[in-house]
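Colleague: Before we open the model, could you show me how to read burial, ring contacts and empty space in a structure of this kind?

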Amino acid sequence: MHRRATRYRPLAINLFLVGIAAFLIHESFHWLAGTLLGYPMQMSLNRAWSSTPFALAHSIVISGAGPLVTYVQAAIGYLLVRSRASLVGFAMVYIAFFMRLVAMAVSVFNLNDEARISRDLGIGTWTLPAIVVGALLMLTVWASRRLKLTWREQVVCYIVASIVVSLFVGADMMFFPIEA
């Protein structure tokens, strides 16, 4: 039992650090895609945008660039969990799942990446978000089982991921307000 108790701190630290990196990398890939397509892009902690309207195909590519790197992050993390029982790998999977779950929830009010792409492709606003969140949930469950995480450790994961998301979204709203 003592061994499990010692996992709380490294689990929390890994989730926090991976969460910070995941946000920055995710938004950087939106920015990079837009820049490579020739748009004058800007980026904050939780969004990338251009004052120039995107062509529809470009909008899909730019919207997809951030989530794509997040899916790769989850896949690499899962491989690390499977091969090495890695807590860093679990953090990579969990943060990817949590970020896309929150993005899906936010899409009720403001369409996020997968919801925008899904709508623009004409397959229904919720099709891609549901597929992505479902797949990432499966990876998270499989990784949790592989590491034999307890429900208390899952609560730690939820709390730390919630803190990271709240910090990024809150700081972004405070320091980079959207002008009406």
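Modeller: Let us begin with burial: a residue counts as buried under 20% relative accessible area, as exposed over 50%, and as partly exposed in between. Please keep in mind that this is a predicted model.

Colleague: Is Phe54 buried or partly exposed on that scale?

Modeller: Phe54 has a relative accessible area of 29%, so it is partly exposed, whereas Tyr39, at 12%, counts as buried.

Colleague: How many aromatic pairs does a search of the whole structure find?

Modeller: The search finds seven. One of them joins Tyr39 and Phe54 in an edge-to-face arrangement, with 4.7 Å centre to centre and 85° between the planes; Tyr39 belongs to the loop between α2 and β1, and Phe54 to the loop between β2 and α3, 15 residues apart. Phe98 and Tyr158 also form an edge-to-face pair, at 5.8 Å and 75°, and because Phe98 lies in helix α4 and Tyr158 in helix α7, this pair ties together parts that are 60 residues apart in sequence. Phe98 is buried at 7%, while Tyr158, at 49%, is partly exposed. Both belong to one aromatic cluster with Phe90, Tyr94 and Phe97.

Colleague: And how should I read empty space?

Modeller: Rolling a probe the size of a water molecule over the atoms shows where empty space is left. Here the largest pocket holds about 980 Å³, and among the 33 residues that line it, Asn46, Arg47, Asn110, Asn112 and Arg116 are the closest to its centre.

Colleague: Which element gives the most to the lining of the largest pocket?

Modeller: That is α4, with five residues, and by class the lining has 17 nonpolar, nine polar and seven charged residues.

Technical notes
Residues numbered from 1 in each chain as written. Predicted model: local features only at pLDDT ≥ 70, side-chain atom pairs only at ≥ 80, totals over all residues. Heavy atoms only, no water. 1 Å grid on protein atoms, 1.4 Å probe; cavity = no way out; pocket = protein on both sides within 12 Å on 5 of 7 lines; lining within 4 Å. Points joined across faces, edges and corners; volume = space filled by probe spheres on them. Helix = DSSP H or I, 4+ residues; strand = E, 2+ residues; numbered from the N terminus. Nonpolar A, V, L, I, M, F, W, Y, C, P; charged D, E, K, R; others polar. Phe/Tyr/Trp six-rings, centres within 6.5 Å; stacked < 30°, edge-to-face > 60°. Buried < 20%, exposed > 50% of the residue type's maximum accessible area, 1.4 Å probe, protein only.
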